[in-house]
Amino acid sequence: MLISEFFIMVNQPTLLSSQLFYENRVVEVTLNRVMLGFWKEIETRRKRSASFNCISKDADHHFLLVSEIVGARETEEEDQTNKDGGRKHKVLLYPYAFTVSYTERTKHHCWRCKDIIFHCLDEAQRQQWVQTINNQLSLLSIRPKRLLVYINPYSGKQRGKWIYEQRVAPLFSRASISTDVIVTESANHARDHLKTEVDLKQCDGVVCVGGDGMFSEVVHGLVSRTQSDSRVDQNQPNQDLVPCALRIGIIPAGSTDCICYSTTGTNDPVTSALHIIMGDSQPMDVCSVHHNNTFLRYSVSLLGYGFYGDVLTDSERKRWMGPSRYDFSGLKTFLTHQYYEGTVAFLPAEDNLGNPRDKIKCRTGCHICEQGANNAHLLSGDHVHKMAEENSDKETSGDGVWRVIRGKFLAINAASMSCACPRSPRGLSPYAHLADGTTDLILVRKASRLDFLRHLIRHTNKDDQFDMSFVEVHRVRRFRFVPKHSSVISEVDLSETSGKKICNQVCTAHPNDDTGHSNWNCDGEILPHADIQVSVHCQLIRLFARGVERGTTFDTYTCSVIEGSSLSWQA
């Protein structure tokens, strides 16, 4: 925020101004449409005869952005006592209290809800302040007023219901958000309910309390419902999908909560709840996965073939082990060290969208995502399809030409976001972007077990996991994989993307080297086919989030309580 913008906020027309009692001094509080603030000390000398003490100090100026306020409410504070020099004094001159709740940023991208308590001379003054503040909040159209909440009681450590009731619901209540809460009873309950039973016009957003699987359910239900209402055929691989109007909120209560971590920088339920209350809006790409002309699933985080597909396949047989099954299956899959042979064809993204190794992280207000959205309307499904047909005889990138790579792979991964989590703070692709209309395609070729271990370890530290001879990564808009044992198809068929193929030929060399085929891990679900086609749909959904915020900047101002006494503004 520029200094000129700051003074513009200060010079907004005043809505309300009063002398109120705050902690142990009288202050002048002013409210306009942008900020609650500039309260300054009125008394400048110590008064020993009053029922409160006013500490002498220079006049201070502080403020809270209205957009960062959660809500205001009346508080019964007649019996509240203030400490002063070991003695306690009842607040007698200003007995009518009200509380302003606001957001405060803490370490590691976490937000907290803090309170400021003011005292008024009479009940009318208190009601006027509470009503005026809440009226200003109600004018913030981006904020939700009514939410549909799905709770998965079995996700993670089965604490979803407790997390919502004890940590999230009270915050929604402070913000005057009404909720319709549904505790899911079976797998895909939320998906099916969204697809068929919900009147989407009666709510401002959908919130899921659970892990990544619960979020995937909500995405499938909401996206499928939107396409159905818009008469869009999801089975057509090149069909442009209609973006969802409702935003989705995530209250993390799962085992890893990769999606929440990648979009807010933390897996903290309170932080996520405050993002929802503030009405934040973070667009997100969604990948559609097809087999021939049949829609399979949507993916928002990871598509993994080979290593990650085998880990999921094995872990599904060991669900009785709980979350530890992933560690066990991961070790077992690593020791097995299987590789798979096949052909990958992909359509690279433009150079102006960066590359997976450019060290440009996706952050709040990301310019790469903004550029991707601007380009999206120029690259509709039909346009990309024509480009593939016109250049079917080329195998090099440059101007929208499909590239074809054949080989033996330990893993093939497509990361539509960083896929970061507490165990892997940088993620599978640290510089992937949430909303640029691309996915980062990571190809891990056959290598020694030791080299592959080095690659996996680099996911947990700051070393570049792509800086290895057997690893390559590409930023793509579409891709297709054909395993070795699929039927051989012609070059003409391989160049087409709708009901036709886009690869030049299936690799058939060295038949004795192949170990069969793996399964695709699609956001924690196993796909029934290995031969798939993937298309990225730019900004198909929006989250109640603002992305991972940058470090200390002047982009956003908040108000925080310093040592419990004075207020100051900070970035």
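Tyr 298 is buried, with a relative accessible area of 1%, and in this predicted model the ring of Tyr 298 is partnered with that of Phe 295, the two centres lying 4.5 Å apart and the planes meeting at 50°, so the pair is tilted. Phe 295 likewise counts as buried, at 18% relative accessibility, since the cut-off for that term is under 20%. A further aromatic pair joins Phe 307 and Tyr 308, where the arrangement is edge-to-face, with 5.2 Å from centre to centre and 85° between the planes; Phe 307 is buried, with a relative accessible area of 10%. In total the structure holds 13 aromatic pairs, and ring pairs also link Tyr 305, Tyr 340, Phe 479, Phe 481 and Trp 520 into a cluster.

From the rings one may turn to the helices. Helix α10, which spans residues 367–376, has as its buried residues Ile 368, Cys 369, Gly 372 and Asn 375. Viewed down the axis of α10, these buried residues fall within an arc of 120°, so they line one face of the helix. An α-helix has 3.6 residues a turn, so residues three or four places apart point the same way. The buried residues of α10 pack against two strands, β20 (471–483) and β23 (532–543).

Another packing arrangement brings together helix α9 (residues 325–336) and helix α12 (residues 449–457), whose axes are 10 Å apart and form an angle of about 145°. On the α9 side the contact is made by Phe 334, Leu 335 and Thr 336, while α12 contributes Arg 449, Phe 452, Leu 453 and Leu 456. By character, the residues of this contact divide into five nonpolar, one polar and one charged.

Two loop residues deserve attention for their backbone. His 108, although it is not a glycine, has a positive phi of about 60°, and its place is in the loop between β8 (96–105) and β9 (111–120). Cys 419 also has a positive phi of about 60° without being a glycine, and is found in the loop between β18 (403–415) and β19 (439–445). His 108 is exposed, with a relative accessible area of 65%, whereas Cys 419 is buried, at 9%.

Confidence should frame the reading of these details. The mean pLDDT of the protein chain is 82, and 78% of its residues reach 70 or more. Over residues 487–514, however, the pLDDT is below 50, although this stretch has 86 contacts in the model beyond near neighbours in sequence. Residues 552–571 also stay under 50 in pLDDT, and for them the model has 53 contacts beyond four places in sequence. Where pLDDT is low, the predicted coordinates should not be read in detail.

Methods. Residues numbered from 1 in each chain as written. Predicted model: local features only at pLDDT ≥ 70, side-chain atom pairs only at ≥ 80, totals over all residues. Heavy atoms only, no water. pLDDT = per-residue confidence, 0-100. Contact = heavy atoms within 4.5 Å. Buried < 20%, exposed > 50% of the residue type's maximum accessible area, 1.4 Å probe, protein only. Helix = DSSP H or I, 4+ residues; strand = E, 2+ residues; numbered from the N terminus. Arc of directions from axis to C-beta. Axes fitted to C-alpha atoms, helices over the stretch in contact; angles between N-to-C directions. Nonpolar A, V, L, I, M, F, W, Y, C, P; charged D, E, K, R; others polar. Phe/Tyr/Trp six-rings, centres within 6.5 Å; stacked < 30°, edge-to-face > 60°.
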